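Subject: Structure handover

Hello,

Here is the structure for you to work with. My notes on it follow below.

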Amino acid sequence: MHAILDAGMVAHVGFCVDGQPFVIPMMYARIDNVLLLHGSIASRLMGTLGSGIDACISVTHIDGLVLARSHFDHSMNYRSVVAFGRARLLDDPAAKAQALSYFVDAIVPGRAAESRAADRTELAATHVLQLEIADASAKIRSGGVKGNLADADLPHWAGVIAMRMECGAVEPDETVAPGTALPASVSAFLSAQGPAP
Ligand SMILES: Cc1cc2nc3c(=O)[nH]c(=O)nc-3n(C[C@H](O)[C@H](O)[C@H](O)COP(=O)(O)OP(=O)(O)OC[C@H]3O[C@@H](n4cnc5c(N)ncnc54)[C@H](O)[C@@H]3O)c2cc1C
């Protein structure tokens, strides 16, 4: 489950406010058995979520499109986690600053050390939520087309289209001096991605 969470970048965070369900896409970072979430203090939902109500967090990766000979057996290869817990707001500015550095490293490992830490104003404007995972499950589908063997005689094509998320072009900000080398974290991140399949 930790591997699936660590490979993800966006969590869908579900919770109910006054009987109304919300499912909000958010960035997250995992530290041990804790998921960190963050957002503006102006966000009503963040404040409510941080009050300790029940939450359900889901992370999904699509690994392939499974095209069967029958409509019924079309599917996807995937890895997903559904986690349950309650979030609490972090108050301590030092803990909040550290949590924000974890977010940056969750985007590109090593990036936090290559950029400025949050200052007091930024910390004051930010809610950081800590959700201890109380329960969780993972579900994985992999492999090829499954289903009715009799369909193998049908004239339709069947197979799997592999899917993955990949980086596009790197575009330095216009304020970066021409010829500036990429920082180590970015180079390592791009190298770790490997060649396209
Ligand atoms: C990309 C993707 C597409 C899917 N498309 C469909 C679809 O179109 N139709 C469909 O019926 N199902 C689909 N699924 C599977 C779906 O997520 C459920 O697993 C499935 O519907 C079984 O639901 P259930 O309520 O019977 O599960 P139960 O077995 O009753 O679930 C028990 C518990 O298992 C956990 N759980 C359930 N599903 C998952 C999961 N995917 N990952 C982690 N934990 C889980 C939850 O905690 C849940 O409370 C898809 C899954 C993924 C990842």
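**Strand pairing around β5**

In this predicted model, Leu65 has Met76 in β6 as its bridge partner. The two strands concerned, β5 and β6, are antiparallel and share twelve bridges. Leu65 also stands opposite Ile161 in β8. Strand β8 covers residues 159-162 and is joined to β5 by four bridges, again running antiparallel. A further partner of β5 is strand β1, residues 10-17, with three bridges in the antiparallel sense. There, Gly14 stands opposite Cys56 in β5.

**Ligand site**

The ligand is surrounded by Thr60, Ile62, Tyr78, Ser80, Val82, Phe84, Ser137, Ala138 and Lys139. By type, this shell has five nonpolar residues, three polar ones and one charged.

Which side chains place an N or O atom 2.7 Å from an atom of the ligand? Ser137 does so with a nitrogen atom of the ligand, and Lys139 with an oxygen atom of the ligand. In addition, Ser80 has a polar side-chain atom 2.6 Å from a ligand nitrogen. On its own the ligand has 860 Å² of accessible area, of which the protein covers 37%.

Two or more residues of the shell come from each of β5 (54-67), β6 (75-89) and β7 (126-141). The largest share, four residues, is that of β6. As noted above, β6 pairs with β5 over twelve bridges.

**Cysteines**

How many disulfides are there? The count is zero, with a cut-off of 2.5 Å between cysteine sulfur atoms. Cys16 is in no disulfide, because the nearest cysteine sulfur, that of Cys56, is 11 Å away and a disulfide needs the two sulfur atoms within 2.5 Å. Cys16 is partly exposed, with a relative accessible area of 47%. Cys167 is also partly exposed, at 29% relative accessible area.

**Asp32**

Asp32 sits in the loop between β3 (29-31) and β4 (34-40). Is Asp32 buried or exposed? Its relative accessible area is 59%, so Asp32 counts as exposed, the cut-off being over 50%. From Asp32 to Ala192 the C-alpha distance is 23 Å, with the two positions 160 residues apart in sequence numbering.

Regards

Note on methods. Residues numbered from 1 in each chain as written. Predicted model: local features only at pLDDT ≥ 70, side-chain atom pairs only at ≥ 80, totals over all residues. Heavy atoms only, no water. Near = heavy atom within 4 Å. Polar contact = N/O pair within 3.5 Å; in protein donor to acceptor, adjacent residues only side chain to side chain. Areas by Shrake-Rupley, 256 points an atom, 1.4 Å probe, with all protein chains shown as cover. Nonpolar A, V, L, I, M, F, W, Y, C, P; charged D, E, K, R; others polar. Buried < 20%, exposed > 50% of the residue type's maximum accessible area, 1.4 Å probe, protein only. Pairing = 2+ DSSP bridges.
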